[in-house]
Amino acid sequence: MPELPEVETVRMQLQRKVVGKTVADVEVFHAKSVDNNSNIEDQLRGKTISDVDRIGKLMIFSFVDEDDLFLLAHLKMTGQFFYIDKTGKTIGGGHSATAGDTELPTKHTRVTFHFTDRTSLHFNDMRIFGYVKVATANEVRTARARFGPEPISPDFDCSWFHKKLNKRKTPIKAALLDQTFIAGLGNIYVDEALWRAKVRPTRRSDKLTKKEAAALCAAAGDVMNESIAVGGTTFQHFVDTGGANGNFSDYLKVFGQQGKACERCGKIIKKIRCAGRGTHYCTGCQK
Ligand SMILES: [Zn+2]
């Protein structure tokens with residue numbers, strides 16, 4: 001499952017490539033991928049994409065002059081998008097491409113959107129858990145209501161964050177994973193943000209000081225933004241590199257580093273279970 005920074009990377013690339021494109025036709029190779037909607041081509045033909053937004057890991061395409069027509073895309077376990085420009089050059093993103101997946105459509109292509117300017121967007125999904133489906137404004141509102149604000153949002157309010165933490169008795173790790181509270185941090189990024197903020201994952205949320213909450217707020221945003229930057233590079237070179245996925249190993253300080261010495265203080269990184277997830281922290285500098 002991609003974490004949010006990977007999805008955000010894909011979203012940004014899609015926004016650059018497909019906004020302003022008008023759908024000429026839609027080829028559906030697997031009905032489940034479009035939620036068994038046999039009308040999808042009729043619904044989208046002639047519509048021009050006006051934006052590609054995102055709620056959590058759900059991408060939302062909107063269309064010019066359409067208030068009640070959206071396309072929701074979720075990559076789930078193995079989803080990928082490949083955009084083919086007029087010269088036939090492929091730019092893809094999502095999960096690692098597998099051998100033979102560079103000639104599109106492939107046996108894993110579930111849906112292809114052809115645009116009027118002869119470019120196209122392919123949705124590949126080996127396991128078929130992902131989808132691209134037509135939705136109403138109401139469905140988009142319902143999806144939006146399930147997610148809290150994101151630390152990478154310019155509107156994210158760190159004092160609000162601290163106030164909310166004060167009302168929570170769960171370990172801070174559990175609070176950060178709760179997408180209805182704050183959205184976007186998956187398991188890896190929670191551990192990394194806590195290390196940066198020098199806060200132990202098992203600490204009770206309501207026991208964090210204002211200073212610690214502020215440090216955590218900044219760390220969460222930084223970790224996500226930095227990983228988006230790495231993911232961006234991966235996306236650009238997706239096909240050329242044989243589909244190597246985001247190279248996070250260069251900047252992971254605690255996740256998967258158990259048994260190693262902490263780069264900040266030299267003490268040992270430990271792995272425990274917290275909030276039902278494998279959790280990594282430094283026994284020295286995270287209090
Ligand atoms: Zn340390």
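Reader: Hi! Which residues are buried in H6?
Author: In H6 (helices are DSSP H or I runs of at least four residues, strands E runs of at least two, both numbered from the N terminus), the buried ones are Tyr189, Val190, Asp191, Glu192, Ala193, Leu194 and Trp195. Buried means 20 or more other C-beta atoms within 10 Å of a residue's own, with C-beta atoms placed from the backbone; 12 or fewer is exposed, and in between is partly exposed. This is a predicted model, where local features need pLDDT of at least 70, side-chain atom pairs count only at pLDDT 80 or more, and totals for chains, interfaces and linings use all residues. Residues are numbered from 1 along each chain as its sequence is written.

Reader: Nice. Why is H6 largely enclosed?
Author: H6 spans residues 187–196, and 7 of its 10 residues are buried, so the rest of the structure largely encloses it. Just after H6, Lys198 has a positive phi of about 60 degrees.

Reader: Which residues touch the most others in the largest nonpolar core?
Author: Leu176, Leu185, Ala193, Leu194, Leu216 and Ala220, out of 61 residues in that core. Helix H7 (residues 210–236) gives the largest share, 7 residues. Domain 1 (4–145) and domain 2 (158–282) both contribute, so the core lies between them. Such a core joins buried Ala, Val, Leu, Ile, Met, Phe, Trp, Tyr and Cys through C-beta atoms within 7 Å, and domain bounds come from an automatic or database assignment.

Reader: And what does Leu185 touch?
Author: Leaving out residues up to four places away in sequence, Leu185 touches Pro151, Leu176, Leu177, Val190, Ala193 and Ala220. Contact means backbone-placed C-beta atoms within 7 Å.

Reader: Switching topic: what order do the 4 strands of the open sheet take?
Author: E2-E3-E4-E9, with antiparallel pairing. Strands E2 (49–55) and E9 (131–135) are at the edges with a single partner each, so one side of each has no neighbour in the sheet. Pairing takes at least two DSSP bridges.

Reader: How many bridges join E2 to E3?
Author: There are 6 between E2 and E3 (residues 58–63). Val52 sits opposite Phe61 in E3.

Reader: Which strands does helix H3 lie across?
Author: H3 (residues 137–145) crosses E2, E3, E4 (66–74) and E9, at about 50 degrees to E4. Helix H1 (residues 4–18) lies across E2 and E3, at about 175 degrees to E2. Angles run from 0 to 180 degrees between N-to-C directions of lines fitted to C-alpha atoms, for helices over the stretch in contact.

Technical notes: Two residues are in contact if their C-beta atoms, placed from the backbone, lie within 7 Å.
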